[in-house]
Amino acid sequence: MSEFLDLEVQDGIRMPWNVIPGTKQDATNCVVPVSAIYTPLKPNPAFPVLPYGPLRCRMCRSILNPFCVVDYVAKIWVCPFCFQRNHFPQHYSSISESNLPAELFPQYTTVEFMSTAETGPVAPPVFLFVVDTCMIEEEIGYLKSALAQAIELLPDQSLVGFITFGTYVQVHELGFGLLPKSYVFKGTKEVTKDQILEQMCFFAGKTKPTTGVIAGSRDGLSTESISRFLLPASDCEFVLNSIIEELQKDPWPVSADQRASRCTGTALSVAASLLGVCVPGSGARIMAFIGGPSTEGPGSIVSKSLSEPIRSHKDLDKGSAPLYNKAVKFYEEISKQLVHQGHVLDLFACALDQVGVAEMKVAVERTGGIVVLAESFGHSVFKESLQRIFQSSDNDLGLSFNGIFEINCSKDVKIQGVIGPCTSLEKKSPLSSDTVVGQGGTTAWKMCGLDRKTSICLVFDIAKKDGSDAISQSTSNQFYFQFLTYYQHHEGQMRLRATTLSRRWVAGSGGVQDLIDGFDQEAAAAVMARLVSFKMEAEADFDPVRWLDRALISLCSKFGDYQKETPSSFSLSPRLSIFPQFMFNLRRSQFVQVFNNSPDETAYFRMMLNRENVANAVVMIQPSLISYSFQSGPEPALLDVTAIAADRILLLDSYFTIVVFHGITIAQWRKAGYQDQQGHEAFTQLLQAPQEEADLIIKERFPVPRLVVCDQYGSQARFLLAKLNPSVTYNSDNPAPPGGDVIFTDDVSFQVFMDHLQRLAVQ
């Protein structure tokens with residue numbers, strides 16, 4: 001396992017198959033697709049940032065890298081992708097075997113170029129706050145204090161804008177400091193860019209140009225007219241703080257049997273158009289703070305009458321959510337507009353009810369936005385996550401903008417698509433596969449927003465038909481991949497990061513052992529989770545459990561050791577042995593079992609899964625459990641109901657929630673106050689240890705997880721019980737050990753699951 005982690009540290013990449021099945025048929029037989037999970041901006045102090053531009057192949061535009069064959073005498077390099085011979089330019093003339101440029105060093109498979117000449121001036125980032133006011137006073141109070149803190153943390157040079165909405169949308173003119181001034185738009189109608197230019201007096205006293213696109217200070221707008229609405233944070237701190245202090249509940253009266261009229265869609269469309277008019281193409285984020293469902297204008301998800309409930313998964317399956325498809329279509333249009341402008345939509349949805357995350361998902365995901373879901377604006381999940389975005393610390397996000405991700409690979413490999421926070425740029429090439437998964441049919445993607453943790457999943461197709469004739473032509477048995485990420489660094493300048501890697505391929509039945517040795521089961525689980533989530537949304541009558549089971553059975557019968565028809569002889573190599581457990585937990589996870597979750601929660605979980613790296617995805621699929629007791633130090637425990645004991649504390653990390661669970665005896669001692677008495681220091685330490693570990697996890701994670709501290713048999717113990725393997729249930733033959741627990745469920749346990757798997761795999 002460790003060698004896969006070392007590769008990830010070096011290049012930010014994990015692949016399920018580190019030895020690749022060499023032909024189309026071999027790849028199909030391997031069940032888990034040839035794929036990669038790549039973190040483009042993974043921080044690594046070891047690789048160099050080069051102060052010059054890259055050297056590209058004149059045929060395929062790939063960048064000079066350690067896998068190129070170099071002729072030092074003739075000053076020629078051969079591209080490993082298209083075998084084109086390229087001459088080195090004049091400034092590389094002193095190159096020799098003992099004098100290499102950094103990009104040819106064998107250990108620098110990832111390098112970053114920062115050429116100031118090409119990139120032009122540093123553009124300040126733009127933050128446009130869009131704030132919902134249809135909430136109870138208490139919630140508005142929480143939101144005001146959180147916003148005031150966020151404003152203080154904004155980088156000084158960044159530009160800020162402020163929009164509030166309820167029944168109407170108000171765009172506040174921050175550049176007018178004498179008295180509060182805002183432009184009001186009706187919430188029921190969409191607003192176009194032309195209407196914004198006209199109604200917000202962008203051409204007051206000047207003639208509007210009759211032709212051409214009007215956008216930004218380059219094309220026809222004066223900087224004065226832009227700086228009425230978008231100002232440097234340091235210049236408008238006073239005006240902004242006074243607007244936030246005076247924020248009040250939407251004044252429109254709401255009768256008792258009605259929902260408030262909230263025009264979220266119109267507000268976001270005004271925000272997108274305002275940014276499109278003022279700062280197209282430069283890094284900008286719309287940060288939307290939403291406290292309830294949209295009921296007014298385009299993109300609304302439910303009617304105002306409280307007698308109509310908000311759509312559930314059942315309604316979506318039956319097609320009885322009349323507004324859903326219309327709202328999704330509206331947000332698809334907004335996402336196209338934002339991607340075209342290079343801007344990001346971030347969503348902070350804090351309400352006990354759903355707010356429409358499921359509909360907005362397309363706009364957040366395609367622009368690479370951040371999403372935080374909490375129960376209230378006073379909840380630590382929201383407050384700490386918002387601070388973490390702007391804080392500069394070791395764990396800061398390093399928000400970057402305006403990325404373009406490109407990929408190049410050997411001609412026998414085709415690209416089906418990317419599952420993750422990006423949008424296809426429709427750049428078709430011979431490398432695009434006919435089969436499309438996620439954002440496909442292209443070799444370039446737009447990533448409007450990306451940070452140090454953003455990870456995308458690339459799915460490949462092996463195009464080589466048959467082993468024999470192809471092998472004789474290509475002497476090398478390596479496939480090469482190059483990933484290029486061109487982006488605006490969080491310090492403002494444009495950079496290009498290039499990661500080049502090579503993987504060996506094997507063909508035919510002789511290579512099975514090699515494939516097993518190169519199998520990364522954690523990466524495979526993360527890829528399967530993204531695939532199954534994607535298929536559940538994209539395919540109409542898709543049965544996820546059946547699909548996962550079939551895949552697992554095929555994989556086990558191809559790579560397991562067994563005698564035919566004897567289940568007891570079945571065994572798996574250590575490289576594959578945990579994979580069935582991952583699949584068992586994935587079948588039970590919130591990505592596959594949508595029962596008991598709202599469409600908003602499901603959309604949120606899937607968006608997080610689609611942007612996190614392998615280690616985090618594995619925690620989402622199969623939570624980690626640590627046990628604390630007097631007998632031993634903290635040790636990992638099996639994710640099983642038998643881990644519960646009266647004298648143990650368990651710490652469960654399921655990514656979105658962290659549970660500190662006290663056994664019944666520990667809970668009674670704690671209530672009796674033993675931890676405060678002398679002579680019970682060991683007990684005090686036992687209580688503190690899991691709490692400290694939980695704090696460490698919370699510090700590193702974004703969005704901040706929810707912390708649940710509970711006792712055995714208490715109501716919140718459900719957070720732990722729902723994740724445990726039900727090896728002891730209310731109707732099983734083996735009783736629970738004294739002080740243990742049983743789970744009231746009819747789900748099968750992991751043991752039963754494995755017995756069935758072995759029986760089916762050996763057939």
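Buried area is the accessible area (1.4 Å probe) that two parts lose on being put together, summed over both. Keep that in mind for the exercises below.

The structure is a predicted model, where local features need pLDDT of at least 70 and side-chain atom pairs count only at pLDDT 80 or more, while totals for chains, interfaces and linings use all residues. Residues are numbered from 1 along each chain as its sequence is written, and side-chain values use heavy atoms, with hydrogens and water left out.

**Exercise 1. Find domain 3 and domain 4, and describe the contact between them.**

Step 1: Mark the domains, whose bounds come from an automatic or database domain assignment. Domain 3 covers 520-622 + 748-762, and domain 4 covers 623-724.

Step 2: Locate the centres. Taken over C-alpha atoms, they are 27 Å apart. The contact (heavy atoms within 4.5 Å) takes 13 residues from domain 3 and twelve residues from domain 4.

Step 3: Look at the area. Domain 3 and domain 4 bury about 1,000 Å² between them, and 58% of this is on carbon and sulfur atoms. On the domain 3 side, R588, V619 and M620 lose the most area to domain 4, together 39% of what that side buries.

**Exercise 2. Which elements of domain 3 give two or more residues to the side that touches domain 4?**

Step 1: Pick out the helices (DSSP runs of H or I, at least four residues) and strands (E, at least two), numbered from the N terminus. The elements sought are α17 (579-588), α18 (599-609) and α19 (614-621).

Step 2: Rank them. α19 gives the most, with four residues.

Step 3: Count the polar links. The rule finds three residue pairs in polar contact across this interface of domain 3 and domain 4, both residues at pLDDT 80 or more. A polar contact is a pair of N or O atoms within 3.5 Å; within protein, one must be able to donate a hydrogen and the other to accept it, and residues adjacent in sequence count only if both atoms are side-chain atoms.

**Exercise 3. Where is P703, and what is the peptide bond from F702 to P703 like?**

Step 1: Find the loop between α21 (681-700) and β28 (706-711); P703 is there.

Step 2: Check the bond. The peptide bond from F702 to P703 is cis, with omega near -10 degrees.

**Exercise 4. Where does F83 lie, and what is its phi?**

Step 1: Go to the loop between β6 (76-78) and β7 (85-87), where F83 lies.

Step 2: Read the angle. Phi of F83 is near 60 degrees, a positive value in a residue other than glycine.
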